[in-house]
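Work through the exercises below with the sequence and the model open. Try each task before reading its solution.

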Amino acid sequence: MSSEPLDLIATLISRARAAGADAADAIYVNRTAHGAQVRNGRTEDLERSETCDLGLRVFVGQRAAIVSATALDPTRFDTLAERAVAMARVVPEDRFAGLCDAAEKGFVDATGLDLFDPATPSTADLVARARTAEDAALSVAGISNSNGASASFGLSDIILMTSAGFSGRYARTSHSVSASAVAGSGTKMERDYDYHSAVHLSDLEDAARIGLRAGERTIARLNPVRPRTGRLPIVLDPRISTSMLSHLSGAINGIAIARGTSFLKEKMGARIMPAGITIIDDPRRVRGPGARPFDGEGMLTHTRTLVEDGVLKTWALDSRSARQLGLEPTGCASRGTSGPPAPSLGNMHMQPGHLTPAELMADIDEGIYVTELMGSAINGITGDYSRGASGFMIRGGVLAEPVAELTVAGNLNDMFARLVPASDLTFRMATNAPTIRIDDMVIAGA
């Protein structure tokens, strides 16, 4: 990668200081995206985009402003810097604003994380991969139509620099393939999908397996019924068990904690999950889709245990929310080019339990195996939870008929306290969890 963008961003920050900024930082993101979509054997869509985004943030005392641009054009640097400083001078003071005091000094890259794959697929490669996935889905007996298949490639070049002496740069690649199939007819049609993405092409799951699984999942959903209304145990398929980690991430976000709008705001150091449950955020995971060497404020990233033996151990804090709470930032700030940093977790996972999925539900006489969640009626302040769902009945400890048009409801405090993970953790996404069982959920059905 050329060093020219680094030199230009250093120049931009110098111009901001010359225009009157007491401190400044800048983020640059150069993206390439290349994708192909097919449907019923025909190429339906080809796309390629190359975008460049630049964000400059300046501080004048305790006042801050951000300006953005779509080109790294040095002829516009003076105008950008002057405009940002002029904006900062007229906005209200924010006593928690400022660069991150804990940011690294010097240059940081992604050495050791293996986030860049030099393999660059051609358009023909992407079309072929998508067709392979679709053909496999259509080969499943009973599939009546294709909802399309796609393959894509992406490359991002990210640079962050501050006036306090931090500069960092890394490139990330991504390869993905997906397929969606349709079965049935008229008002009894069903659809399902499968998808996988990876940083390196060599880690991408075979397109034919993706398509075959999409077709098989679709057939399994045919002729669903509505379960009875009552209180039943549920088992969350790994495709959607990650939603529990997403709810945890939102509840420990420093912004929500500082505002008092999280149902976990009083739970630091308390047991929120059963003994033995451990949840980790690992932005250092090699080839991890959410891995990064530094956060959006220039802090080095570190592996952190969020929940240990069921006990909540930390908040997710950027420097501003950390100052509000009188704590230290945790190196999880995320930032785009047009907004300020905010806490965001990357490679989260729940460590597996000891029971296989079959053993986990072997004693369930009647329950719901949930494969899809829809909508989101979740109260972040109280933890009240209600979502539409579909999946399969569990009868006598095994999967039975498909079910749809049901609602699963409860409270996340109670759900966290009762969840039990299975042993089938795999790392397929940035956020990963095994199959999860939660007893005594309210099911609204027939």
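The exercises cover salt bridges, annotated domains, strand pairing and a helix crossing.

**Before starting**

This is a predicted model, in which local features need pLDDT of at least 70 and side-chain atom pairs count only at pLDDT 80 or more, while totals for chains, interfaces and linings use all residues. Residues are numbered from 1 along each chain as its sequence is written, and side-chain values use heavy atoms, with hydrogens and water left out.

**Exercise 1. Salt bridges**

Task: Find the salt bridge between aspartate 25 and arginine 57, and state whether each residue is buried or exposed.

Solution.
Step 1. Side chains of opposite charge can pair when their charged atoms come close. A salt bridge here is a side-chain nitrogen of Lys or Arg within 4 Å of a carboxyl oxygen of Asp or Glu. The whole structure holds 25 salt bridges.
Step 2. For aspartate 25 and arginine 57 the N to O distance is 2.7 Å. This pair links distant parts of the chain: aspartate 25 lies in strand β1 (residues 23-39) and arginine 57 in strand β2 (residues 42-60), 32 residues apart. Strands (E, at least two residues) and helices (H or I, at least four) are DSSP runs, numbered from the N terminus.
Step 3. Buried means under 20% relative accessible area, exposed over 50%, and partly exposed in between (1.4 Å probe, protein chains only). Aspartate 25 has a relative accessible area of 1% and is therefore buried. Arginine 57 is at 7%, so arginine 57 is buried.

Task: Repeat the analysis for the salt bridge of arginine 169 and aspartate 157, then for that of glutamate 401 and arginine 395.

Solution.
Step 1. The closest N and O atoms of arginine 169 and aspartate 157 are 2.6 Å apart. Arginine 169 is in strand β6 (residues 166-183) and aspartate 157 in strand β5 (residues 143-162), with 12 residues separating the pair along the chain.
Step 2. Arginine 169 is buried at 6% relative accessibility, and aspartate 157 is buried at 10%.
Step 3. In the pair of glutamate 401 and arginine 395, the closest N and O atoms are 2.8 Å apart. Glutamate 401, at 27%, is partly exposed, and arginine 395, at 37%, is partly exposed.

Task: Which residues are linked with Glu190 in a network of salt bridges?

Solution. The network joins Glu190 to Arg191, Asp192, Arg221, Arg239 and Glu372.

**Exercise 2. Annotated domains**

Task: Describe the two spans that carry a UniProt domain annotation.

Solution.
Step 1. UniProt positions are given in the numbering used here, feature names are shortened, and annotations may be inferred rather than shown by experiment.
Step 2. The unreviewed UniProt entry assigns "domain: Metalloprotease TldD/E N-terminal" to residues 24-88. In the model, this span is 18% helix and 65% strand, with its end C-alpha atoms 11 Å apart.
Step 3. The unreviewed entry also assigns "domain: Metalloprotease TldD/E C-terminal" to residues 229-445. That span is 18% helix and 34% strand, and its end C-alpha atoms lie 5 Å apart.

**Exercise 3. Strand pairing**

Task: State how β15 pairs with strand β8 and with strand β16.

Solution.
Step 1. Two strands pair if DSSP finds at least two bridges between them.
Step 2. Strand β8 (residues 230-236) runs parallel to strand β15 (residues 366-378), and three bridges join them. Leucine 236 has valine 370 in β15 as its bridge partner.
Step 3. β15 and strand β16 (residues 384-395) are antiparallel, with 10 bridges. Leucine 373 faces alanine 389 in β16. The hairpin of these strands has five residues between them, and glycine 383 takes a positive phi near 90°.

Task: Which strand pairs with β6 over nine bridges?

Solution.
Step 1. The partner is strand β7 (residues 190-198), and the two run antiparallel. Valine 177 has histidine 196 in β7 as its bridge partner.
Step 2. This hairpin has six residues between β6 and β7, and glycine 184 in the turn has a positive phi of about 85°.

**Exercise 4. A helix crossing**

Task: Describe how helix α1 (residues 4-18) and helix α2 (residues 77-90) are placed relative to each other.

Solution.
Step 1. Axes are lines fitted to C-alpha atoms, for helices over the stretch in contact, and angles run from 0 to 180 degrees between N-to-C directions.
Step 2. The axes of α1 and α2 come within 8 Å and cross at roughly 45°.
Step 3. Angles under 35 degrees count as roughly parallel, over 145 as roughly antiparallel, 65 to 115 as roughly perpendicular and the rest as oblique. α1 and α2 are therefore oblique to each other.
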